[in-house]
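Okay, thanks everyone for making it. I've got one structure to walk through today, so let me put it up and we'll go from there.

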Amino acid sequence: MSNDDASQPPPLPRAGEPVDDFVSGLTPRLRTVLRRCKLADADVEDVLQEVWLRFLEHRDTIRHPERAAGWLRTIAIREAMRALRHHRTESPSDDVTNGMTPDAAMSPSDDISLRDRDRTLWRVVATLPIRDRLIAHLIARSPGMSYADIATKLGVTPASVGQLRTRCLRRLRRALTRAGITAP
């Protein structure tokens, strides 16, 4: 492969063809673009996921296959800017546990332990990437919230919420383990 071939994006697969080569060939380039946007690594991966979801949603409507790589680069930059704006304008509040009343049958020492556990949990949540913090707060404050509502709050597609939620909970579990907190 010559240097000219290495600089060319992979060809857009035709309808019905697998997209694996296209995705694996273009992902490193998109990742580089997103890192230049000053996104954290976790946010880079979230934006990449959103870019590829958009690609899959619109793949059949792409009129100029030779421009697909540029279109995806533009989508990546727009999603990066949205993520950066979202991070600046929305931050979770520290009062997640406010308004919670202790159980009447709970002893004062149990109440103190529960509050200490909650404070520790939210301190660990605060160490997560911003999107994971937002997801954790949404899950905690509104456990019955639909994926569509969560997607609206996060500015993503509803189809991506399950994966984002799973990734968030996995990171939270690892962070809690590192903090010495394990499930009973």
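Let me start with a question: which residues does Asp132 touch, if we don't count residues up to four places away in sequence? Keep in mind as you look that this is a predicted model. The answer is Cys168 and Arg171. Asp132 sits in helix α6. It counts as buried, because its relative accessibility is 2%, and the cut-off for buried is under 20%.

Okay, stepping back to the overall picture. The protein has eight helices and zero strands, so if you read the elements off from the N terminus, you just get α-α-α-α-α-α-α-α. There are 184 residues, and buried ones make up 36% of them. The accessible surface comes to about 11,800 Å², and carbon and sulfur atoms own 52% of that. On contacts: take the ones between residues at least 6 apart in sequence, and 61% of those join residues at least 24 apart.

Now, the cores. The largest nonpolar core has 22 residues, and the ones with the most contacts inside it are Phe22, Leu30, Leu34, Leu39, Trp52 and Leu72. Which elements give two or more residues to this core? Those are α2, α3 and α4, the last of these being residues 68-89. The largest share comes from α4, with eight residues. There's also a second, separate core of 20 residues, which includes Ile130, Leu154, Leu164 and Leu172.

Let me stay with the largest core for a bit and talk about rings. For the chemists here, a pair of aromatic rings is described by the distance of the centres and the angle of the planes. The count for this model comes to three aromatic pairs. Take Phe22 and Trp52: that pair is edge-to-face, at 6.0 Å centre to centre with 85° between the planes. It links distant parts of the chain, with Phe22 in helix α2, residues 20-36, and Trp52 in helix α3, residues 41-58, 30 residues apart. Phe22 and Trp52 are both buried.

Then there's Phe22 with Phe55, and that pair is tilted: 5.2 Å centre to centre, 35° between the planes. Again we're linking distant parts of the chain, from Phe22 in helix α2 to Phe55 in helix α3, 33 residues apart. Both of these Phe residues, Phe22 and Phe55, are buried. Put the ring pairs together and you get Phe22, Trp52 and Phe55 linked into a cluster.

What else does Trp52 touch, once residues up to four places away in sequence are left out? Along with Phe22, the list is Val23, Leu26, Thr27, Leu30 and Leu72.

While we're on α3, let me say a bit about the helix itself. It's mostly covered, with 13 of its 18 residues buried. I also like a quick sanity check on length: at 1.5 Å a residue, the 18 residues of α3 should span 26 Å, and the end C-alpha atoms are 26 Å apart, so that agrees.

One more residue from this helix is Arg54. Is Arg54 buried or exposed? It's buried, because its relative accessible area is 19%, and the cut-off is under 20%. Leaving aside neighbours within four places in sequence, Arg54 is in contact with Trp71, Ile75, Glu79 and Arg82.

Over to helix α7, residues 147-154. Its buried residues are Ile150, Ala151 and Leu154. Looking down the axis of α7, those buried residues fall within an arc of 100°, so they line one face of the helix. And what do they pack against? That would be α6, residues 130-141, and α8. Just after α7 you'll find Gly155, with a positive phi of about 75°.

Last stop is Ala179, in the segment after α8, which is 158-178. At 45% relative accessibility, Ala179 counts as partly exposed. Compare it with Thr120: the two are 59 residues apart in sequence, and 8.9 Å apart in space, C-alpha to C-alpha.

That's my tour. Happy to rotate the model if anyone wants another look.

Notes: Residues are numbered from 1 along each chain as its sequence is written. This is a predicted model: local features need pLDDT of at least 70, side-chain atom pairs count only at pLDDT 80 or more; totals for chains, interfaces and linings use all residues. Side-chain values use heavy atoms; hydrogens and water are left out. Rings of Phe, Tyr and Trp (its six-membered ring) pair if their centres lie within 6.5 Å; planes under 30 degrees apart count as stacked, over 60 as edge-to-face and the rest as tilted. Helices (H or I, at least four residues) and strands (E, at least two) are DSSP runs, numbered from the N terminus. Buried means under 20% relative accessible area, exposed over 50%, partly exposed in between (1.4 Å probe, protein chains only). Contact means heavy atoms within 4.5 Å. Accessible areas come from the Shrake-Rupley method with a 1.4 Å probe; for residues, only the protein chains shown count as cover. A nonpolar core is a set of buried Ala, Val, Leu, Ile, Met, Phe, Trp, Tyr and Cys residues joined through side-chain atoms within 4.5 Å. The arc is that of the directions from the helix axis to the C-beta atoms. The expected span of a helix is 1.5 Å times one less than its number of residues.
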